[in-house]
Amino acid sequence: GSALVRSWREQRERRRAQKKEWQLAGTRIGDIMGVKRPEEAEREEHLGGDEGGDGRSSHTFRDKMLADDSSASRTPEAAKAAFAKLQRQRKCLPVFAVRHKLLRIIRDHPIVVIVGETGCGKTTQLTQYLHEEGYTKFGMIGCTQPRRVAAMSVAKRVAEEFGTELGQKVGYSIRFEDCTGPDTLIKYMTDGILLRESLREPDLDHYACLILDEAHERSLSTDVLLGLLREIVRRRNDLRLIVTSATMDAGKFSAFFGDVPVFEIPGRTYPVDVLFSKTPVEDYVDAAVKQVVQVHIGCAPGDILVFMPGQEDIEVTCEKIKERLDDLESAPELTVLPIYSQLPADLQAKIFQKAPEGVRKCVVATNIAETSLTVDGICYVIDPGYCKLKVFNPKIGMDALQVFPVSQANAKQRSGRAGRTQSGQCYRLYTMRQFNEEMLLASVPEIQRTNLANVVLLLKSLGVQDLMTFGFMDPPPQDNILQSMYQLWLLGALDNTGGLTRLGRQMVEFPLDPALSKMLITSIEMGCSEEILTVVSMLSVPSVFYRPKGREEDSDAQREKFQVPESDHMTLLNVYNLWRRAGYSKSWCTDHFIHAKSMLKAREVRQQLKEIMEQQKMPLKSCRGDWDPARKCVCSAFFHQACRIKGLGQYVNLRTGMPCHLHPTAALYSMGVTPDYVVYHELIMTSKEFMQCVTAVEAEWLAEMGPMFYSLKDQTKSRAERRREEVQELGKMEREMQEAETAMRQR
Ligand code: CDP
Ligand code: MG
């Protein structure tokens, strides 16, 4: 509850109030929904898997890149010249100066920690050096990234430098998108992908070298990988492990692996003037916009980098900068470019292009630009001091992306971005006092603040019985582990002794949230796996509904046609089926205000999940239009998020008693149906608590599937009583688990 957080909340409320009008003026429906929908998430959300890619799916990013790539239209001479230029650039990077020393130390030590300024060439060069040194004779070079965008864009760059087509010798793999092939030597991937690969191949034998890049970010998957790889290197003396870190955490990593060498790449950085705000700013978006304009009008040439916590703020900031400059007479031209994870690939690529001669560039980015991506030519950094972090929110019982003040370490990293090519300036939109007194020294690792259900599931299936003794660099709080185990137990993935059940074992196979995996597996016995496969796929992509400015009514009218009165999940199914019937047509999407891109992605995801089901011998069966079994499946996965009706559009959560509301876009709402009981996919907190993606269920289903919470006779019991029972149940489970553990230890 620091003042900075409070101030952010106030600002958010104010902007929300403004945004309401702005929304009414028309934005995509997707924008007002979902703290946790894929479009908002910076990082790979799940422990992503890449089963069955091999080029069958269309690679949206790669296709785009190839299509846009000017090199495609270049003459052979021009292509040659461009290639030579890239090679010259490679030799100018600071890491090149220490290439030999670096390779020697890697040769002599199985594990090395490498530190270097951002942009010195760690991510793009190390993999290539290892290849040039001959390591690829023994296996692939893998390099993990905490962020999807970084994995894709770095792979593209390295493919160019390598002179290969992306997906051939150099490729990348992120959840639901595998752009590698049989010839791939250098593979960039999210850390979640490598983690899932360890399920299939516990010693990761395909790899000769692994680079855990951006380890200082301490993403959940990287933290688990650190623990796993420490063991793997002990078993495999032919494996080379490199851990890179941009900041000064190197000592900690070195100690973790048993005092392994730390190699520092000498960097050249230029001085950066750091300017603090004299008074706390009222609105960081306004303040940032003002600062951009001021720099643009008044300062020497050099590009600007602005940090914003998320997509929503980035879009507003870009818009406002343009507005401001339009209002000014004779303002020089400014190219304003956003970057965040869900930005279409062609627009993402733009930030790396040089602006036309004499035109200044202004990049507005999430903290992806802090260390993962390097934009050359930045001289001015504007840092409002906030970022989005995934944290477990006990109020809604799940992880949500929330805005927090950055840590001092982040702030230093951000300011450093201004001094890469010449001296620069960093404008911090907070006071020095706020920096010193209200910001943490370093941010809390993800493993200590998020739900661990997926990690628990994965480690259990890797045979780690007792998570408390797993070799975490910073162990998660015991409460987190227990809470996550409790959730898995509710879903039936763990038994009372904390062991993996058959269902749990099946769930691990899917690169999905545990609840969605369960929904899919349940659908097999319910005879509606065709339908649920579609629903799960549609839930795994950004919102498909499109609501363009000025055409809201048309769009809403189309949307209503799809709506299945009692279920948003079935509405998604309906949309997909109609699209399929229309031959997966793009014009059908346009006519019906549906995002074609999201639909294509859903089709790809569906194909990949289908392949996993086939491998697992899980039959596909259709319930042929009787969607009750499908709704029952939804209930089996989300019974713990159930509500009872209270008034028009108003519900109360059955477990917490918290009021919940139907979202205006919900099918139930617009169809005026008000069933007694519903389950929801997630809760969004905007002006009120809105349930998102809602399906009507029967009371009997809840009693049948969630007997630990609900029984049909329960009506007479007070909420306090039910809560007491819940606590008792949880206590009982914990005791049983502890007993089992003690028994195991004694054995
Ligand atoms: O990983 P590290 O921060 O040490 O640097 P890097 O990502 O390997 O980047 C090295 C250089 O490659 C940067 O200075 C950029 O100039 C360039 N680069 C680029 O132009 N386009 C990309 N997509 C990635 C890197
Ligand atoms: Mg890097």
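The following exchange concerns helix packing and strand pairing in a predicted model.

Residues are numbered from 1 along each chain as its sequence is written, with chains lettered from A and ligands numbered from 1 in the order in which they are written. In this predicted model, local features need pLDDT of at least 70 and side-chain atom pairs count only at pLDDT 80 or more, while totals for chains, interfaces and linings use all residues.

Colleague: At roughly what angle do the axes of α9 and α10 cross?

Modeller: Helices here are DSSP runs of H or I with at least four residues, and strands are runs of E with at least two, numbered from the N terminus. Axes are lines fitted to C-alpha atoms, for helices over the stretch in contact, with angles from 0 to 180 degrees between N-to-C directions. The axes of α9 (residues 191–200) and α10 (residues 220–235) come within 8 Å, and they cross at roughly 40 degrees.

Colleague: Which strands stand at the edges of the open sheet?

Modeller: Two strands pair if DSSP finds at least two bridges between them. Six strands form this sheet, with parallel pairing, in the order β9-β16-β13-β10-β12-β11. Each edge strand has a single partner, so one side of each is left without a neighbour in the sheet; these strands are β9 (272–276) and β11 (334–339).

Colleague: Which residue of β16 is the bridge partner of Y380?

Modeller: Strand β13 (residues 378–383) pairs with strand β16 (residues 424–428) in the parallel sense, over four bridges. In β16, the partner of Y380 is Q425.
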